[in-house]
Amino acid sequence: MAYSDTYGQTVNVQTLIDHGARRCGKLAEELTSEQVVSARQSLGFLLSDLINRGVQYWCISKEVIGLTANKYQYTLPDGAVDALNVLYRTLDRPDGTYTSSAGGVVANLYDGDVDTFTQQTSANGSFTVNYGITNPIYAGSIGFLPYIAGGGSATWNILLQYSTDGVTYVTLQNLGAVAVTDNTWVWTDIDPGQSVAFYRISISGGVTLALREWYIGNNSTEIMMSRLNRDDYTNLPNKNFTANQPFQFWFNRTIPNPEIYLWPTPSDPFVQMTVWYSTQVMDVGALTDELQIPQRWYEAIVFMLAHRMSLELPQVAMDRIGYLEKMAEKHLYIVEQEERDKSPIYWAPNISVYTA
């Protein structure tokens, strides 16, 4: 017996709109270009509204943010909606022997001083660290702190590699075109990692590599930070109080991007903040594009779209509009009951004697 051996690859934006039209009692070819544009926009409104019904499990992302000394405000990426888990993370930094393919003061790469830097003397170079054949290191997270003369930002093409013998190198992570800002960490969690003796960071595109620090981190430890509400944060008497470890955060749900305010203000530039956050469903693209939704949601999305289209298309009977609304609610309810992680829940009542 032959099967397709594919999953969820037969539905694009045009297909959803066509089925939405048919469920409104219209032939797909009857739709004018204006009505197709309207249906596409309605689909976008529909997907944008899903986050208001709760977290969609396929729309959860992780961001690793390198903290900067004396900086308490950090911006989340485009599409972020709410912080689910915010953790303070520390990493070990194993000792190794660092070399450069194109000069520079190599010791500045690992001196623990973000005010010094190593600038190579020619373009398309690399830095390498050797931990010894008998002392392989499993890197859980790799970060680099760019140096850009005069400050500002740039775009670098960065490649992370590893080697077991220092001769043959294999790609660990191809970061591609990375937007970098002077003195702002770029961290990459390595999953899966490798226990190897050699790591290398290289740049291409005719750019000369210049770093304040290069950090190969392992043995990470994460501690959950507690969330403050707006009143508790704004009422803090000393928001600029500094400490090695921030314990709390306030999540500012502003636009265009939400922000995290840490307290106390971190003073250590070699630690991270790991943020798990919910996101919007990606925008509706071209008619030939697929949507960022799992296959189990197709039926609910089609009925929800059909109901919205029925409110804007001409001569759709009121009883059909009512029917589409009920079917949309029915299938949305069904799919939302399945939108769960099925992990066990433990109740731990804390009952004790009350004394006045």
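N183 is found in the loop between β10 (170-181) and β11. Helices (H or I, at least four residues) and strands (E, at least two) are DSSP runs, numbered from the N terminus. N183 is not a glycine, yet its phi is positive, about 65 degrees. It counts as partly exposed, at 27% relative accessibility. Buried means under 20% relative accessible area, exposed over 50%, and partly exposed in between (1.4 Å probe, protein chains only).

This is a predicted model, in which local features need pLDDT of at least 70 and side-chain atom pairs count only at pLDDT 80 or more, while totals for chains, interfaces and linings use all residues. Residues are numbered from 1 along each chain as its sequence is written, and side-chain values use heavy atoms, with hydrogens and water left out.

**Loops and a strand**

N70 also has a positive phi, about 70 degrees, although it is not a glycine. The place of N70 is in the loop between β1 (60-66) and β2 (73-75). Four residues can be set side by side.

| Residue | Place | Relative accessible area |
|---|---|---|
| N70 | loop between β1 and β2 | 58%, exposed |
| P256 | loop between β17 (248-252) and β18 (259-263) | 76%, exposed |
| T188 | strand β11 (residues 186-189) | 13%, buried |
| A21 | helix α1 | 0%, buried |

P256 and A80 are 176 residues apart along the chain, and their C-alpha atoms are separated by 9.6 Å. T188 touches G140, S141, I142, L160, Q173 and L175, not counting residues up to four places away in sequence. Contact means heavy atoms within 4.5 Å.

Two peptide bonds are cis. One runs from D191 to P192, with omega near 0 degrees. P192 lies in the loop between β11 and β12 (195-196). The other joins W263 and P264, with omega about -5 degrees. P264 lies in the loop between β18 and β19 (265-266).

**Helix α2 and its partners**

Helix α2 (residues 33-49) has 17 residues. From first C-alpha to last it reaches 25 Å, close to the 24 Å expected at 1.5 Å a residue. The expected span is 1.5 Å times one less than the number of residues.

Which residues of α2 are buried? They are V36, A39, S42, L43, L46 and L47. These cover an arc of only 135 degrees around the axis, which puts them on the same side of α2. The arc is that of the directions from the helix axis to the C-beta atoms. On the other side of α2, S33, E34 and F45 are exposed. The cover over the buried residues of α2 includes α1 (13-23) and α4 (298-310).

α1 and α2 pack at an angle of about 105 degrees, with their axes 10 Å apart. V13, L16 and I17 of α1 meet V36, A39, R40 and L43 of α2 in this contact. Axes are lines fitted to C-alpha atoms, for helices over the stretch in contact, and angles run from 0 to 180 degrees between N-to-C directions. The two helices are therefore roughly perpendicular to each other, a term for angles of 65 to 115 degrees.

A21 is in contact with K26, A28, L31 and M309, leaving aside neighbours within four places in sequence.

**The cores**

The largest nonpolar core has 37 residues. Such a core is a set of buried Ala, Val, Leu, Ile, Met, Phe, Trp, Tyr and Cys residues joined through side-chain atoms within 4.5 Å. I17, L43, L47, L291, I293, I301 and M309 touch the most other members. α4 gives the most to this core, with 9 residues. Apart from it lies another core, of 28 residues, among them Y98, L109, I142 and V196.

Definitions and conventions
Angles under 35 degrees count as roughly parallel, over 145 as roughly antiparallel, 65 to 115 as roughly perpendicular and the rest as oblique.
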